[in-house]
Amino acid sequence: MAEATMRAVQLTGHGDLDVLVYRENVPRPQPAPGEVLIEVSACGMNNTDVWVRQGAYGTETDAEEVSTWRRGRSTLTFPRIQGTDTVGRIVAVGEGVPESRVGERVMVDFSLYNRDDDSLADIDYIGHGRDGGYAEYTTVPAENAHVVDTDLTDAELATFCCAYLTGEHMLERAGVRPGERVLVTGASGGVGSGIVQLCRARGAIPYAVTGAAKADAVRGIGAEAVIPRDAEDLVGAVEEATGGAPIDVVADLVAGPLFNDLLRVLRPEGRYTTAGAIAGPLVQLDLRTMYLKHLQLHGSSQGTRQDFQRLVRYIEAGKIKPLLYNTYRLSDFHRAQRDFMEKAYIGKLVVVPDHKWDEVGRPHAR
């Protein structure tokens with residue numbers, strides 16, 4: 001008989017790390033019709049975990065107001081088990097799901113698609129609107145659990161989903177084509193390092209903005225050149241890095257004081273795409289830069305079913321590689337999130353349930 005409880009990290013409210021509570025008696029979920037139950041083996045960490053915990057999304061009228069993702073249309077309730085990048089094995093199925101799926105190793109598409117037309121106008125995600133993967137078990141819609149034909153480990157596979165899906169949709173929104181030059185900010189982080197690789201996967205040429213200490217590593221994953229993030233003249237530094245060739249697309253995860261210079265970097269009729277603002281969401285914009293250059297600005301979040309399917313194909317073809325920096329036990333979650341927030345690494349951090357540690361976890365698996 002299956003145990004009735006499990007171990008999980010629950011978000012109990014908005015606040016500091018103390019609102020994340022590791023508990024050993026959380027009710028183990030059961031799959032509803034159309035769902036599968038997954039025994040979690042690894043779950044990657046993402047910025048959205050931190051921003052939701054902090055309530056850092058603000059509102060359209062008050063950038064400082066405590067608010068979660070989706071601003072005013074939130075499906076978040078407490079306690080909530082976060083965690084978007086779930087990898088594990090299906091151990092039970094709900095009504096309407098073939099029993100043959102039991103035993104499959106799957107990577108979870110974390111997006112909850114509330115419309116059939118692949119629109120992102122009404123979308124939610126696992127770890128926000130319903131419980132996610134910072135637990136020993138989780139349930140997800142069967143269509144969200146994907147078998148990936150790869151020899152990658154579970155921890156390596158857990159580095160892709162949220163970061164790379166976000167990056168792929170940013171590039172898709174901006175219509176990035178083979179041969180185009182893309183300037184990527186925050187290029188050493190989970191999404192940014194993913195975008196560098198995803199540019200190469202579609203034949204585009206990525207130029208990376210990052211700190212000097214991480215420059216060689218970012219070049220190693222495919223950046224054509226690296227521009228120091230603290231360059232006094234960003235526009236001049238980019239021009240020097242490209243040899244005067246134009247930047248077609250800026251894929252920005254930083255914003256803050258860099259924003260207007262990033263628009264200046266773009267060629268006329270260039271495109272700007274963003275899915276984050278780690279240096280500050282409030283920016284200064286000279287509208288003349290935008291309208292005189294006929295620029296396109298694209299906001300982006302998560303991705304579509306088609307984006308996820310492309311991501312799976314890239315993984316299976318070996319066009320993108322996991323950048324697993326370190327793994328942590330689920331019971332050591334506070335340390336994992338502190339390390340995550342310090343950003344002193346390249347790639348991704350992954351959490352592993354304690355009982356899976358000897359099988360999946362290992363220190364500094366980069």
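1. A salt bridge here is a side-chain nitrogen of Lys or Arg within 4 Å of a carboxyl oxygen of Asp or Glu. E168, E172, R202, D307 and R310 are linked in a network of such bridges. The count by this rule comes to 24 salt bridges.

2. On provenance: the model is predicted, local features need pLDDT of at least 70, side-chain atom pairs count only at pLDDT 80 or more, and totals for chains, interfaces and linings use all residues. Residues are numbered from 1 along each chain as its sequence is written, and side-chain values use heavy atoms, with hydrogens and water left out.

3. Within the network, D307 forms a salt bridge with R310, and the closest N and O atoms are 2.3 Å apart. Both residues lie in helix α9 (residues 305–317), three residues apart, about one turn of the helix. Helices (H or I, at least four residues) and strands (E, at least two) are DSSP runs, numbered from the N terminus. D307 and R310 are both buried; buried means under 20% relative accessible area, exposed over 50%, and partly exposed in between (1.4 Å probe, protein chains only).

4. D85 pairs with K348 in a salt bridge whose closest N and O atoms are 3.4 Å apart. Because D85 lies in strand β4 (residues 85–93) and K348 in strand β17, the pair ties together parts that are 263 residues apart in sequence. D85 is buried, with a relative accessible area of 1%, and K348 is buried at 3%.

5. K356 forms a salt bridge with E39, with 3.8 Å between the closest N and O atoms. K356 sits in the loop between β17 (348–352) and α11 (357–360) and E39 in strand β3 (residues 35–44), so the pair ties together parts that are 317 residues apart in sequence. K356 is buried, at 12% relative accessible area; E39, at 19%, also counts as buried.

6. Charges outside salt bridges: D230, E232, D233 and E239 form a negative surface patch. Patches are made of residues with over 30% relative accessible area and no salt bridge, with like charges joined within 9 Å. Asp and Glu count as negative, and the place of a charge is taken as CG of Asp or CD of Glu. Areas come from the Shrake-Rupley method with a 1.4 Å probe, and for residues only the protein chains shown count as cover.

7. Where in the patch region is D233 found? D233 is in the loop between β12 (225–228) and α6 (234–242). D233 is partly exposed, with a relative accessible area of 47%.

Definitions and conventions
Patches are made of residues with over 30% relative accessible area and no salt bridge: like charges are joined within 9 Å, nonpolar side chains (Val, Leu, Ile, Met, Phe, Trp, Tyr) within 5 Å.
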